[in-house]
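Me: I've got a model open on my screen and I'd like to talk through it. Could you help me with a few questions?

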Amino acid sequence: MHALIVVSHPLPDSLTHSVATAIAQGIAESDPQNSSELADLTQEGFNPTFTAEDMAAFHLTGATPAEVVAEQSRIDKADALVLVFPVYWWSMPGLLKGWIDRVFSNGWAYEETADGNVVKKLGHLRVHLVALGAASQKTYDTHGFTDAYNAQIVHGIFDYCGATVVSSEMLLLPDLGTAEAHLEMGRRLGQGVFSRGNRT
């Protein structure tokens, strides 16, 4: 089994990157035949701007940009997609959102039919979300941020395309306390990426 781990953080020595690496380690530990690829959107220079070419592809009047096709191919080759990112303004960073805007395109992730229906095309894809944040779970729950996060990302993005969000974890500094605890949680999450029945 193969996982594509997409990480969005500008600093390669960040805790976010370290957790992504720990997830890859956990995947390798779970089964010697399991593998992973780490896609660092910052290091790779992915352009998150939704361009006129992307709009033409959305309307099916132009070709999908080559860099978008390349990202879609990476996902097509994966059995699981793992997104690892810091929480910015109670959501994902703009770079990752732009990656989703461009890559999860009409015709590939879903299809809008002439009668207004939506055909979900990513029913085979298993998704794991790993967000790192500085507020406590109590803060998220009290202010409705947990529900908003799930509505926007779990339902609004992935359910719309038919992908299954198998796990959605927030690694919150006030609750976990240390970087070491984050890394251990990342390793454990990696070990469970291909386990059955681990939807949260």
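**A serine, a strand and two pockets**

Reply: Happy to, and keep in mind that this is a predicted model. Here's a starting point: beyond its neighbours within four places in sequence, Ser-91 makes contact with Pro-86, Gln-152 and Ile-153.

Me: Is Ser-91 buried or exposed?
Reply: Ser-91 sits in the loop between strand 3 and helix 5. Its relative accessibility is 11%, and the cut-off for buried is under 20%. So Ser-91 counts as buried.

Me: Pro-86 was on that contact list. How many residues of strand 3 are buried?
Reply: Strand 3 covers residues 80-86 and is mostly covered. Ala-80, Val-82, Val-84 and Pro-86 point one way, Leu-81, Leu-83 and Phe-85 point the other way, and all are buried. In a regular strand, side chains alternate between the two faces of the sheet. For strand 3, the buried count is 7 of 7 residues.

Me: Which strand pairs with strand 3 over 7 bridges?
Reply: Strand 1 (residues 2-7) runs parallel to strand 3 and is joined to it by 5 bridges; Ala-3, for instance, has Ala-80 as its bridge partner. On the other count, the pairing over 7 bridges is also in the parallel sense. There, Val-84 stands opposite Val-130. The strand you're after is strand 6.

Me: On to the pockets. Which element gives the largest share of the lining of the largest pocket?
Reply: That pocket holds about 240 Å³ of space. Of its 19 lining residues, the closest to the centre are Ile-100, Asp-101, Phe-104, Ser-105 and Tyr-110. Helix 3 (52-58), helix 5 (94-103), strand 4 (110-112) and helix 7 (145-161) each give two or more residues to the lining. The largest share, 4 residues, comes from helix 7.

Me: How many nonpolar residues are in the lining of that largest pocket?
Reply: Sort the lining by class and you get 4 polar and 4 charged residues. The nonpolar class makes up the rest of the lining, with 11 residues.

Me: And how many charged residues does the lining of the second largest pocket have?
Reply: This pocket has a volume of about 150 Å³. Its lining includes His-9, Ser-14, Thr-16, Leu-132, Gly-133 and His-182, and Pro-86 from earlier turns up there too. Helix 1 (15-30) and strand 6 (126-133) are the elements that give two or more residues to it. By class, the lining has 6 nonpolar and 5 polar residues, and the charged ones number none: no charged residues.

Conventions. Residues are numbered from 1 along each chain as its sequence is written. This is a predicted model: local features need pLDDT of at least 70, side-chain atom pairs count only at pLDDT 80 or more; totals for chains, interfaces and linings use all residues. Side-chain values use heavy atoms; hydrogens and water are left out. On a 1 Å grid over the protein atoms alone, a cavity is a set of points where a 1.4 Å probe fits but cannot get out, and a pocket is an open set with protein on both sides within 12 Å along at least five of seven lines; lining residues have an atom within 4 Å of a point. Grid points are joined across faces, edges and corners, and a volume is the space filled by probe spheres set on the points. Ala, Val, Leu, Ile, Met, Phe, Trp, Tyr, Cys and Pro count as nonpolar, Asp, Glu, Lys and Arg as charged, and the others, Gly among them, as polar. Buried means under 20% relative accessible area, exposed over 50%, partly exposed in between (1.4 Å probe, protein chains only). Two strands pair if DSSP finds at least two bridges between them. Contact means heavy atoms within 4.5 Å.
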